[in-house]
Amino acid sequence: MPPDIAAPGSGALLARAEFDRLSERGRRFLGSRVAVMGGAMSWVSERNLVSAISNAGGFGVLAGGSMGPDALADEIAGTQALTARPFGVNLLTMHPRLLDLIAVCQEARVSHVVLAGGVPGGAAVRAVKERSRLICFAPALVLAQRMVRLGADALVIEGSEAGGHIGPVSLAVLAQEILPHVAQVPVFVAGGIGRGEAILAFLEMGAAGAQLGTRFAAARESIAHPRFKQAFIRARARDALPSVQLDPRFPVIPVRGLANAGTEAFLRHQAAVMARVDAGELTREEAQLSVEHFWAGRLRRAVIDGDVEHGSVMAGQSVGMVTAEQPIAEIIAELVGQACGALAARHDLAAGRHGLDRS
Ligand SMILES: Cc1cc2nc3c(=O)[nH]c(=O)nc-3n(C[C@H](O)[C@H](O)[C@H](O)COP(=O)(O)O)c2cc1C
């Protein structure tokens with residue numbers, strides 16, 4: 001149980017009740033006490049972190065994207081052994097064995113499946129919905145509406161402030177574009193969220209809850225290498241930059257992470273590849289593959305091996321709000337406390353307890 005941050009006193013209790021009311025739809029959908037999802041992070045979101053988030057009242061999501069069916073079954077069983085609370089499994093729509101992975105989730109009675117990486121096919125949607133709730137990512141209003149028609153039970157809208165693979169639009173804009181127009185299903189917001197006041201603001205705009213990644217990556221329960229966690233603790237928002245594409249002929253899928261020797265080397269690699277294409281030494285296809293393969297294995301290198309200089313240190317702009325290696329329960333309590341603190345301050349203001357109303 002996380003420490004209860006709402007200090008006794010009617011203002012704090014009222015604030016907590018209001019926060020719970022605002023997040024009720026999200027909590028009910030997730031089956032959690034707090035409508036905060038721990039976004040799936042490859043290599044980071046394994047059984048220990050996921051169960052810790054769910055046990056602390058949030059909703060953990062396993063990163064199943066790069067696993068095969070046996071490894072996924074093992075990770076789900078391992079997580080279930082550590083928590084009796086609901087958690088989700090994140091799968092990639094383009095995985096060649098997607099339907100097998102969904103079958104593993106169904107077999108293990110996973111309550112929620114997140115399909116990331118594009119619009120899922122009808123077979124995958126039907127398979128998930130046989131036993132689980134389906135959560136999809138929607139990077140634009142038209143896609144949000146399409147996902148709802150396809151059968152998504154909830155959506156995540158992730159802004160470009162987020163860590164990992166990103167779209168071009170910030171959460172501040174996506175929230176305005178999507179939240180007022182999608183009432184059919186709960187919508188969770190993600191990207192750059194580091195404090196409870198921000199969660200409160202998005203709830204008041206109509207979000208059902210929030211998904212955070214970066215704030216949880218350096219948590220005590222995270223298995224990430226100590227050097228990975230230290231890099232997060234040291235970094236500021238401005239250090240978490242999207243990957244740069246040098247030439248429109250060779251598209252680079254933008255990924256936000258901490259700038260390091262690896263990101264510098266990636267620029268030099270692109271320049272060298274382009275020069276070889278221009279000199280007729282490489283075909284365009286070979287060049288594109290070479291650009292795409294540059295980062296292969298590098299997230300693991302950073303997260304597990306601790307090579308934060310040459311690995312991919314994916315992080316959101318929220319990284320500046322990671323200031324210590326905290327237990328998950330403390331992070332969640334802090335987020336709830338900040339949201340409730342903001343609500344309590346409003347009540348105090350309305351009641352004239354800040355000395356502004358001297359009548
Ligand atoms: C290290 C790292 C790895 C990530 N890996 C994945 C992933 O495998 N699949 C996915 O859907 N999202 C992934 N994400 C995105 C998170 O699930 C989440 O949406 C994002 O971190 C939210 O933004 P924030 O980092 O500012 O909190 C990753 C993020 C980070 C920081």
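## Cys105, a buried cysteine

Cys105 has 25 C-beta neighbours inside 10 Å, so this residue counts as buried; the bar for that label is 20 or more. Keep in mind as you look around that this is a predicted model. You'll find Cys105 in helix H5, which covers residues 98–107.

Which residues does Cys105 touch, leaving aside those up to four places away in sequence? They are Val89, Val110, Val113 and Ser132. Ala329 is another matter: 224 residues separate Cys105 and Ala329 along the chain, and their C-alpha atoms sit 26 Å apart.

## The nonpolar core

Val113, one of the residues Cys105 touches, turns up again in the largest nonpolar core. That core has 106 residues, and Val113 is among those with the most contacts inside it, along with Leu155, Ile157, Phe188, Ala210 and Ile332. Which helix gives the most to this core? Helix H15 (residues 328–350) does, with eleven residues. Both domain 1 (3–212 + 327–350) and domain 2 (237–317) supply at least three residues each.

As a bit of background, nonpolar side chains in soluble globular proteins tend to be buried together.

## Strand S9 and its partners

Ala210, listed above for its contacts inside the core, points the same way from S9 as Leu212. Gly209 and Gln211 point the other way, and all four are buried. That fits the usual pattern, since side chains in a regular strand alternate between the two faces of the sheet.

S9 has parallel neighbours. Strand S1 (residues 36–38) is joined to S9 by three bridges and runs parallel to it; here Val36 has Ala210 as its bridge partner. Strand S8 (residues 187–190) also runs parallel to S9, again with three bridges, and in this case Ala190 is partnered with Gln211.

## Two domains and where they meet

The protein chain splits into domain 1 (3–212 + 327–350) and domain 2 (237–317). Their C-alpha centres are 29 Å apart. How many residues does each domain put into the contact? Domain 1 puts in eleven and domain 2 puts in 15. On the domain 1 side, the residues that touch domain 2 break down into four nonpolar, six polar and one charged.

Now for some antiparallel pairing. Strand S7 (residues 164–165) is joined by two bridges to strand S11 (residues 255–258), and the two run antiparallel. Within that pairing, His165 has Val255 as its bridge partner. S11 also pairs with strand S10 (residues 240–242), in the antiparallel sense and over three bridges. There, Leu241 is matched with Gly257.

## Around the ligand

Which of the 27 residues around the ligand come nearest? Gly39, Gly163, Gly164, Gly213 and Gly316 do. As for elements, strand S9 (209–212) and helix H10 (214–217) are the ones that give two or more residues to this shell.

By class, the shell holds twelve nonpolar, 13 polar and two charged residues. Domain 1 and domain 2 each give at least three residues to the shell around the ligand. So if you're tracing S9 on screen, you can follow the strand from the core, where Ala210 stands out for its contacts, to the shell around the ligand, where S9 gives two or more residues.

Terms used
Residues numbered from 1 in each chain as written. Predicted model: local features only at pLDDT ≥ 70, side-chain atom pairs only at ≥ 80, totals over all residues. Near = placed C-beta within 6 Å. Nonpolar A, V, L, I, M, F, W, Y, C, P; charged D, E, K, R; others polar. Domains from an automatic or database assignment. Buried ≥ 20, exposed ≤ 12 C-beta atoms within 10 Å, placed from the backbone. Contact = placed C-beta atoms within 7 Å. Core = buried A, V, L, I, M, F, W, Y, C linked by C-beta atoms within 7 Å. Pairing = 2+ DSSP bridges.
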